[in-house]
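Please open the structure in your viewer and keep the sequence panel visible beside it. The tour below proceeds one selection at a time.

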Amino acid sequence: MPSPASDLSIEDLQQHIRRMYYDKDVARGIDGTFMWLMEEVGELASALRGNDRENLQEEFADVIAWLFTIANVADVNLAEALSAKYGQGCPGCHRFECECSLDEKP
């Protein structure tokens, strides 16, 4: 049994999640997996309104894990996608320190 990872890159984490859950995730499909992601986003929203730091951390971790899960089912490499979209700065103003107005979505 492999030892638990303490510091994973985005690519490593996506592969880690894939090894653990891929067969179940593919069987569930994109729609079912997306619904689990949305449930976790709702739980994160609730945790953000509370003051339980441990629960907040767990809910952030769950949202990230389910995002990686759905990316695996959809065959999207998140490290590549993030690098392509944000690796050269803000997609809106193209700066590394965003200068977009607050009412603008970069």
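In this tour, two residues are said to be in contact when they have heavy atoms within 4.5 Å of each other. The model on display is a predicted one.

**The whole chain**

Begin by displaying the chain as a ribbon. It contains three helices and zero strands, and from the N terminus on its elements run α-α-α. The C-alpha trace spans about 45 × 35 × 30 Å along its principal axes. Of the 106 residues in the chain, 22% are buried.

Next, show the molecular surface. The accessible surface amounts to about 8000 Å², and carbon and sulfur atoms account for 54% of that. Consider also how the chain is connected in space: among contacts between residues at least 6 apart in sequence, 54% join residues at least 24 apart.

**First stop: Gly 89**

Select Gly 89, which lies in the segment after helix H3 (78-86). Is Gly 89 buried or exposed? Its relative accessibility is 7%, and it counts as buried because that value is under 20%. Now display the residues around it. With residues up to four places away in sequence not counted, Gly 89 touches Arg 95 and Phe 96.

**Second stop: the largest pocket**

Select Leu 13, Tyr 21, Lys 24, Asp 25, Arg 28, Ala 61, Asp 62, Ile 64, Ala 65, Trp 66 and Thr 69, which line the largest pocket. The elements that contribute two or more residues to this lining are helix H1 (10-49) and helix H2 (53-73). H2 supplies the largest share, six residues. The pocket has a volume of about 230 Å³. Colour the lining by class, and six nonpolar, one polar and four charged residues will appear.

**Third stop: Asp 25**

Keep the pocket on screen and centre the view on Asp 25, one of the lining residues. Asp 25 is found in helix H1. Why does Asp 25 count as buried? Its relative accessibility is 2%, so it falls under the 20% limit for a buried residue. Leaving aside neighbours within four places in sequence, Asp 25 is in contact with Thr 33, Thr 69 and Val 73. Of these partners, Thr 69 may already be selected, as it also belongs to the pocket lining.

**Fourth stop: the largest nonpolar core**

In soluble globular proteins, nonpolar side chains tend to be buried together. Which residues make up the largest nonpolar core here? Select Leu 37, Leu 44, Ala 47, Leu 56, Val 63, Trp 66 and Ile 70, seven residues in all. The elements that give two or more residues to this core are H1 and H2, and the largest share, four residues, comes from H2. Trp 66 deserves a second look, for it is listed both in this core and in the lining of the largest pocket.

Remain in the core and centre on Ile 70. Not counting residues up to four places away in sequence, Ile 70 touches Ile 30, Thr 33, Phe 34 and Leu 37.

**Last stop: Glu 39**

Finally, select Glu 39, which lies in helix H1. Its relative accessible area is 40%, and Glu 39 is therefore classed as partly exposed, a term for values between 20% and 50%. To finish, draw a distance from Glu 39 to Ser 101, C-alpha to C-alpha. These two residues are 62 residues apart in sequence and 31 Å apart in space.

Note on methods:
Residues numbered from 1 in each chain as written. Predicted model: local features only at pLDDT ≥ 70, side-chain atom pairs only at ≥ 80, totals over all residues. Heavy atoms only, no water. 1 Å grid on protein atoms, 1.4 Å probe; cavity = no way out; pocket = protein on both sides within 12 Å on 5 of 7 lines; lining within 4 Å. Points joined across faces, edges and corners; volume = space filled by probe spheres on them. Nonpolar A, V, L, I, M, F, W, Y, C, P; charged D, E, K, R; others polar. Core = buried A, V, L, I, M, F, W, Y, C linked by side-chain atoms within 4.5 Å. Buried < 20%, exposed > 50% of the residue type's maximum accessible area, 1.4 Å probe, protein only. Areas by Shrake-Rupley, 256 points an atom, 1.4 Å probe, with all protein chains shown as cover.
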